[in-house]
Amino acid sequence: MIRVPACPTGTGSGTTIFTEVTALAQRTGAVNLGQGFPDTDGPPAMLEAARTAIAAGANQYPPLAGLPELREAIVTQRALRYGTHYDVDTEVLVTTGATEALAAALLAHCAPDDEVIVFEPYYDSYAASIALAGGRRRVVPMRPDATGRFGFDPDDLSAAVSHRSRVLLLNSPHNPTGTVFDAEELAAIADCCRRNDLVAVTDEVYEYLTYDGAVHTPLATLPGMRERTLSISSAGKTFSATGWKVGWVCGPAHLVEPVRRVKQYLTFASGTAFQVAVAQALGTQQPWVRAQAARLQTNRDRLRASLVATGLTPYVCQGTYFLQADIRALGTADGIRFCRELPHRAGVAAIPSAVFYDDPADGLPIVRFVFCKKPEVLDEAARRLAGLTTPYHQEAV
Ligand SMILES: *Cc1c(COP(=O)(O)O)cnc(C)c1O
């Protein structure tokens, strides 16, 4: 039997901290800044397109690879935005969210005992998918620099590679740190992949959600990388439709074909009407996406100001839905305990970043807040957090 790692802060009954914090937020009426989904809907024309598609009978299985119109839209988007070209029939595959694309890519390209390199902290599904594939996780630590931006040391990357390394998994813009990997970092990663003949799997679900002029560059655009990279993205974050679960993977045919064979027996295919709507949105809703990124940047600033006012120390966030903060100035270093108590103490819920580490101790004083919520929700959270200014250790709980 393949063992999927339990969440380090799970209760032992298979409940993750996400479930626990959400339940706690509901029980206490806390403002939930824990889970990463927006509380407003995506572009109205996209929602209407899905309703129209359902009414017009788009309710049966789509093709395994996805509707041709959506594959066309994805290939066009990658070409226009990044200058990377893919064949509509053999080099793009529509999936049930980025989650299925990631799982299928790992199941297809990681054999038992192969090593997969991931940057830590990492998105929670990575460890589970690597375990399902029978692979071994090798982490490259990300740490904050003097400005508070998380990055990695190229020596740590070299040290993580061995003769068993097969896949490198890169998430940029990065959840939970908010880092957008820069040219120098990407060059070091590409160099490592080329020299060690690694398959790169890139999670680019926040490709449009970058702030302050930060630019997302797909790893596949670097020299020699298109031929060894599977680029994964999804409509969920781009169009504020996380429940639609329309994702995709692009790459050279020899890497996509094995993913297709796995995907065939995971879900086969899903979301016909949503695929119709996303195909239209990719071509027509860029102005909405730009406006949404600007709204999120304003939200980030609003949340950052309220965290600073509360005495927390926010890190740099260049993209995504997430802002991390250090809690030590409040007189505690235990983010897990802090997040279990925060709904009671302040009426706000957040996620301890420790859950994104192999060893929770490495991320213990860091807490992750989301800002993909309405401005009035963030203002209410700010009002509530303002009541937490008393040094944390002086208050009995
Ligand atoms: C939300 C998220 C996903 C999941 O994307 P879906 O399309 O909803 O499956 C994958 N990776 C990261 C980093 C995410 O934050």
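In this predicted model, Pro176 is found in the loop that runs between β6 and α7. The bond that leads into this proline deserves attention, for Asn175 and Pro176 are joined by a cis peptide bond with omega of about 15°. A second proline, Pro173, belongs to the loop between β6 (165-171) and α7 (183-195). The peptide bond from Ser172 to Pro173 is likewise cis, and its omega is near -10°. The reader who follows the chain from β6 towards α7 will therefore meet Pro173 and Pro176 in the loop between these elements, given how helices and strands are assigned and numbered.

The loop that follows α7 also has a backbone feature to examine. Asp197 is placed in the loop between α7 and β7 (199-203). Although Asp197 is not a glycine, its phi is positive, at about 55°.

The surroundings of the ligand can be considered next. Asn175, which takes part in the cis bond to Pro176, is one of the residues that surround the ligand. Others in this group are Gly97, Ala98, Thr99, Tyr123 and Asn171, together with Asp203, Val205, Tyr206, Ser234, Lys237 and Lys245. Several of the atomic distances here can be stated. From Ala98, a backbone N or O atom lies 2.8 Å from an oxygen atom of the ligand. Asp203 contributes through its side chain, where an N or O atom is 2.5 Å from a nitrogen atom of the ligand. In the side chain of Tyr206, an N or O atom is 2.7 Å from an oxygen atom of the ligand.

The overall division of the protein may now be described. There are two parts: domain 1, made up of residues 17-41 + 287-386, and domain 2, made up of residues 44-285. Their C-alpha centres are 25 Å apart. Where the two domains meet, 31 residues of domain 1 are in contact with 35 residues of domain 2. The area buried between domain 1 and domain 2 amounts to about 2,900 Å², and carbon and sulfur atoms give 57% of this area.

Polar and charged pairs also connect the domains. Between domain 1 and domain 2 there are 19 residue pairs in polar contact, counting pairs with both residues at pLDDT 80 or more. On the side of domain 1 that touches domain 2, the elements giving two or more residues are α11 (286-310), β11 (322-326) and β14 (366-370). Of these, α11 gives the most, with eight residues. The residues on this side of domain 1 comprise 17 nonpolar, eight polar and six charged. Two salt bridges are counted between domain 1 and domain 2. A salt bridge is also formed by Asp212 with Arg300, whose closest N and O atoms are 2.7 Å apart.

Across the whole structure, a search finds 26 salt bridges. Among them is the pair of Glu20 and Arg340, with the closest N and O atoms 2.6 Å apart. This pair links distant parts of the chain: Glu20 belongs to helix α1 (residues 17-28) and Arg340 to helix α12 (residues 335-346), and the two are 320 residues apart.

A final example shows another meeting of residues separated along the chain. Ala58 has its place in the loop between α2 (44-55) and α3 (68-82). Although Ala58 and Thr272 are 214 residues apart along the chain, their C-alpha atoms are separated by 5.9 Å. When neighbours within four places in sequence are left aside, Ala58 is in contact with Ala53, Thr272, Ala273 and Val276.

Key
Residues numbered from 1 in each chain as written. Predicted model: local features only at pLDDT ≥ 70, side-chain atom pairs only at ≥ 80, totals over all residues. Heavy atoms only, no water. Domains from an automatic or database assignment. Contact = heavy atoms within 4.5 Å. Buried area = accessible area lost by both parts, 1.4 Å probe. Salt bridge = Lys/Arg side-chain N within 4 Å of Asp/Glu carboxyl O. Polar contact = N/O pair within 3.5 Å; in protein donor to acceptor, adjacent residues only side chain to side chain. Helix = DSSP H or I, 4+ residues; strand = E, 2+ residues; numbered from the N terminus. Nonpolar A, V, L, I, M, F, W, Y, C, P; charged D, E, K, R; others polar. Near = heavy atom within 4 Å.
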